Amino acid sequence: MKLLSSVLFLALGVFAYATPATQVCPCGFVNDLSSNPNCTTFIEDAKVGQTGFCAENGTNDDEDQSLCFVNGDGEAKCRCNCGWKGDLCSEKVEINVTTGVLFLVFSLGVLGCSVAYNIWRARTKGTDDWKFNGDQCSTPPQPWVSDKVLLAYRFAAFAIGFGFLVTLLDTPRIFVAFTVWNWTIFTVYFGIGTYLSLRKVLKTERKVEHLTKPEKAFIVLLNLELPSTFLICAVVWLVLYPAAVSVDANLDGVLNPFSFLSHAANVAFFLVDFFFSGLYIRLHYFVYTVMWGSTYIAFHTVYQFVREAQSKDHCPVYGFLTLDQEPLFAIIWAFGLLFVYFLFFLIGLLVSKFKEKRYARFQENEVKVSA
């Protein structure tokens, strides 16, 4: 019996010595002991437990999502979860406190200056800034669009906005995204617009000659959101989407009904409402856009600091607001975002000028016909 045990033990030892040790292969490569013992076979659709090795932080919540992707140079790379980096996703992203402080100082400084300017302008030119007829908020400038049509359109837009907003309540971290901030404003805007149009259709008597608070809010939100929709649409489809495609990322977060609504259709919604109303974009209202954008940057930065204090991974919603970049780049990004926002506001202003000239010409023709 002892002899048999010794023989078996010796045989196992020989087998173990003859069998090559299991080799951990780079991401996307397999180690087939029989035919490919040196990790020479690449499998592009490598799955968890099937091939290759990425650190735990390179795995994806979606089990069907490949751990690996091929970059433009044909190299296999690990797809890292947010907050991790490196070839094997084993390096934790550390925030740069100086960068975060600069983002905060910049955004809060711009916000404070904007508020101060707004107070000064209200005291010196307040009456000039609100020289609107309140009925312009709900009176179509063209005769082929009735008050009832505008009311129906605004109510439909409000229902769509509110409906999707309710469905988002259960989504984790959803209100951290600037898109959802603006979708909330979209819903509020069309809610106020529905109220103003309803009053017009019901022929409710105006109790004051000047603009009411809902009318002022409606005008501010128009000047705030029209350029914001342009900005969001451009950033998503010209920057974020191509970047996601380049790294073979999961596109479900971009290619879905809400994304199409909030990153594209919202532009059409606002443009239609803008041309259906008697309002125009005015340059001095850009201060509200600046206040809105700087508030979001401050919020996003504080949110990342809170996550860091809770020992959570650094997961910025937008890569250009990450806190692990150098302070110099943070300043460049901050000023760049403000400048780009202003450019899109100018686009809204040009659209407004086009509308103003078009309807002025239309009214001239109407006068000539009636004469």
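**Exercise 1.** In this predicted model, find which residue forms a salt bridge with D273, and state whether the pair is buried or exposed.

*Solution.*
- Start at D273. Its salt-bridge partner is R154.
- Check the distance. The closest N and O atoms are 2.7 Å apart, and the cut-off is 4 Å.
- Place the residues. D273 lies in helix α6 (residues 257-276) and R154 in helix α3, so the pair ties together parts 119 residues apart in sequence.
- Assess exposure. Both D273 and R154 are buried.

**Exercise 2.** Find the partner of D147 in a salt bridge, and say which helices the pair links.

*Solution.*
- D147 pairs with K200. Their closest N and O atoms are 3.6 Å apart.
- D147 sits in helix α3 (residues 147-167), K200 in helix α4 (residues 178-201). The two are 53 residues apart, and the pair links distant parts of the chain.
- Now exposure. Partly exposed runs between the 20% and 50% limits. D147 has a relative accessible area of 25%, so D147 is partly exposed. K200, at 22%, is partly exposed too.

**Exercise 3.** Locate R282 and E356, and classify the exposure of each.

*Solution.*
- The side chains of R282 and E356 form a salt bridge, 3.6 Å from N to O.
- R282 is in the loop between α6 and α7 (286-309). E356 is in helix α8 (residues 327-370). This pair links distant parts of the chain, 74 residues apart.
- R282 has 23% relative accessibility and counts as partly exposed. E356, at 27%, is also partly exposed.

**Exercise 4.** How many salt bridges does the structure hold?

*Solution.*
- List the pairs: D273 with R154, D147 with K200, R282 with E356.
- The total is three.

Notes. Residues are numbered from 1 along each chain as its sequence is written. This is a predicted model: local features need pLDDT of at least 70, side-chain atom pairs count only at pLDDT 80 or more; totals for chains, interfaces and linings use all residues. Side-chain values use heavy atoms; hydrogens and water are left out. Helices (H or I, at least four residues) and strands (E, at least two) are DSSP runs, numbered from the N terminus. Buried means under 20% relative accessible area, exposed over 50%, partly exposed in between (1.4 Å probe, protein chains only).
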